[in-house]
Amino acid sequence: MTDPHVADHEQPEGRPSRGPLSRINAVTARLGMYLSVAGLLVIVTIVFYQVFGRYVLNSSPTWTENLALVLILYVTLIGAAVGVRDAGHIGMDSLLVMLPDRTREKIELLIHVLVALFGLAMAYNGWILGASVGTVKIPNLGLPEVVRYVPLIASGVLIVSFSIEHIIALLRGEEVVPSWN
């Protein structure tokens, strides 16, 4: 039965993908979403504490801004990776819908391969950049600068894994079920 609230072109085409990679990625994506939401709540708390300290206590904590900036990297990059798996990223579906099924599937496959290559580049370059600043400390936090590059590497690896899942599902005629279902 089709969902009346979802447009025809958004209905799942094939059966749900239930392979081992899909099971692992579904759990990983759900965990990533939970961590991103928790990180966002921590960022809001830190910024509130900074504003409270500055305007009420007249003594702004020095570590809050740097910690919030580091957490923003984790929230956005992990959230973006989950968006790749759950097809939450911006796309040009209106153009693909007009194409014949076979052509659309080939273009979707190409898109997932290109996204996987982008994720690989993210992970590789994050590793290189992180290694180049491994001994430098973040001011006011005392943490190594490499913690800013960990989410870039993790997000790249997740994007590669999620793209591979989509490629396998497309080749099998299956549909990747979003982790929020």
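In the predicted model, the secondary structure of the protein chain amounts to five helices and two strands, and these elements follow one another from the N terminus in the order β-α-α-α-α-α-β. The helices thus stand between one strand at the start of this order and another at its end.

Of the 181 residues in the protein chain, 33% are buried. The accessible surface of the chain comes to about 11600 Å², and carbon and sulfur atoms account for 69% of that area. Among the contacts in the protein chain with a separation of 6 or more, 74% are made by residues that lie 24 or more positions apart.

In soluble globular proteins, nonpolar side chains tend to be buried together. In the present model, the largest nonpolar core consists of 11 residues, namely Ala29, Leu77, Ile78, Ala81, Val82, Val84, Met122, Leu152, Leu158, Ile159 and Phe162. At least two residues of this core are supplied by each of two helices, α2 (64-85) and α5 (150-172), and the largest share, five residues, comes from α2. Apart from this core lies another, made up of five residues, including Ile43, Ile46, Ala68 and Leu71.

Ala29, itself a member of the largest core, illustrates how residues distant in sequence are brought into contact: when its neighbours within four places in sequence are left aside, Ala29 is in contact with Val82, Arg85, Phe162 and Ser179. Two of these partners, Val82 and Phe162, also belong to the largest nonpolar core.

Key: Residues are numbered from 1 along each chain as its sequence is written. This is a predicted model: local features need pLDDT of at least 70, side-chain atom pairs count only at pLDDT 80 or more; totals for chains, interfaces and linings use all residues. Side-chain values use heavy atoms; hydrogens and water are left out. A nonpolar core is a set of buried Ala, Val, Leu, Ile, Met, Phe, Trp, Tyr and Cys residues joined through side-chain atoms within 4.5 Å. Buried means under 20% relative accessible area, exposed over 50%, partly exposed in between (1.4 Å probe, protein chains only). Helices (H or I, at least four residues) and strands (E, at least two) are DSSP runs, numbered from the N terminus. Contact means heavy atoms within 4.5 Å. Accessible areas come from the Shrake-Rupley method with a 1.4 Å probe; for residues, only the protein chains shown count as cover.
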